[in-house]
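Visitor: I would like to learn how to read this model feature by feature. Could you walk me through it?

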Amino acid sequence: MSTKLPVNLMEPMAEYYPKDWNIFCKLSISGKQPVHLKEGEWYPDHILSWYPYRNDDNVLFLMYEEIKKRSDEEINQIAEATSFENMKKKGVQLLSNVNFFRKGQIADWKNHFTVAQSELIDEKFNEKLSGIDIKFSYK
């Protein structure tokens, strides 16, 4: 959750970013958080908004899980500046007192979502994204 972002601690934003995970999750799925989308839209809608441009030279759909599956040789080819640790370090320097970056681990969502929440997210993603060829792996 992004509860430590300064803007989310100020009224009226605090109501959109509650500290209670269950409420936060419901607000997110229902599109009730002002994250530069239209009301009622959430993350899958953001994906769909970029999907028509998926073959453009300057657009890349890349999942964090795919990056973590790379071989040692491929990982060494990725610039140090784009590593999670480096982004987190620089993010802390630029945004003091903000905990924007979490652990950088695959499947950490399992420590936060209940089985019911996970199933609901899967259902909602499938509803929104069933017509596109982007596949997600949450293992």
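Guide: Gladly, and let us begin with how elements get their names: helices are DSSP runs of at least four residues, numbered from the N terminus. With that in hand, Leu60 can be placed in the loop between helix 3 (43–50) and helix 4 (64–68). Please keep in mind that this is a predicted model.

Visitor: How many helices and strands does the protein chain have?

Guide: The protein chain has 7 helices and 0 strands. Read along the sequence, that gives the pattern α-α-α-α-α-α-α.

Visitor: Back to Leu60, then. Is Leu60 buried or exposed?

Guide: The general idea is a pair of cut-offs: buried means under 20% relative accessible area, and exposed means over 50%. Leu60 has 66% relative accessibility, so this residue counts as exposed. Leu60 also belongs to a nonpolar patch on the surface, together with Leu62, Tyr64, Ile67 and Ile106. The accessible area of these residues together is about 410 Å².

Visitor: And what does the surface of the protein chain come to?

Guide: About 10,400 Å² is accessible, and 54% of that belongs to carbon and sulfur atoms. As for burial, 25% of the 139 residues count as buried.

Visitor: Now the interior. Which residues make up the largest nonpolar core?

Guide: For a core, one looks for buried nonpolar residues joined through side-chain atoms within 4.5 Å. Here the largest such core has 11 residues: Cys25, Ile29, Trp42, Ile47, Tyr51, Met63, Ile121, Phe125, Leu129, Ile132 and Ile134. At least two of them come from helix 2 (21–29), and at least two from helix 7 (115–129). Helix 7 gives the largest share, 3 residues.

Visitor: Could we zoom in on one member? Which residues does Ile29 touch?

Guide: Setting aside residues up to four places away in sequence, Ile29 touches Trp42, Leu120, Ile121 and Lys124.

Visitor: I am also curious about polar residues in helix 7. Where does Gln117 lie, and what is in contact with it?

Guide: Gln117 lies in helix 7. Its relative accessible area is 10%, so Gln117 is buried. Beyond its neighbours within four places in sequence, Gln117 is in contact with Trp21, Asn22, Cys25 and His112. Ser118 is in helix 7 too, and at 15% relative accessibility Ser118 counts as buried. With residues up to four places away left out, Ser118 touches Trp109 and Phe113.

Visitor: Let us turn to charges. How many salt bridges are there?

Guide: The test is a side-chain nitrogen of Lys or Arg within 4 Å of a carboxyl oxygen of Asp or Glu. By this rule there are 2 salt bridges. One pairs Asp45 with Lys128, whose closest N and O atoms are 2.8 Å apart. Asp45 lies in helix 3 and Lys128 in helix 7, so the pair ties together parts that are 83 residues apart in sequence. Asp45 is buried, with a relative accessible area of 12%, while Lys128 is partly exposed at 32%.

Visitor: And which side chains meet in a salt bridge at 3.5 Å, N to O?

Guide: Those of Lys32 and Glu39. Lys32 is partly exposed, with 39% relative accessible area, and Glu39 counts as exposed at 66%.

Visitor: Lastly, what share of contacts joins residues at least 24 apart?

Guide: Among contacts between residues at least 6 apart in sequence, 44% join residues at least 24 apart.

Conventions. Residues are numbered from 1 along each chain as its sequence is written. This is a predicted model: local features need pLDDT of at least 70, side-chain atom pairs count only at pLDDT 80 or more; totals for chains, interfaces and linings use all residues. Side-chain values use heavy atoms; hydrogens and water are left out. Patches are made of residues with over 30% relative accessible area and no salt bridge: like charges are joined within 9 Å, nonpolar side chains (Val, Leu, Ile, Met, Phe, Trp, Tyr) within 5 Å. Accessible areas come from the Shrake-Rupley method with a 1.4 Å probe; for residues, only the protein chains shown count as cover. Buried means under 20% relative accessible area, exposed over 50%, partly exposed in between (1.4 Å probe, protein chains only). Contact means heavy atoms within 4.5 Å.
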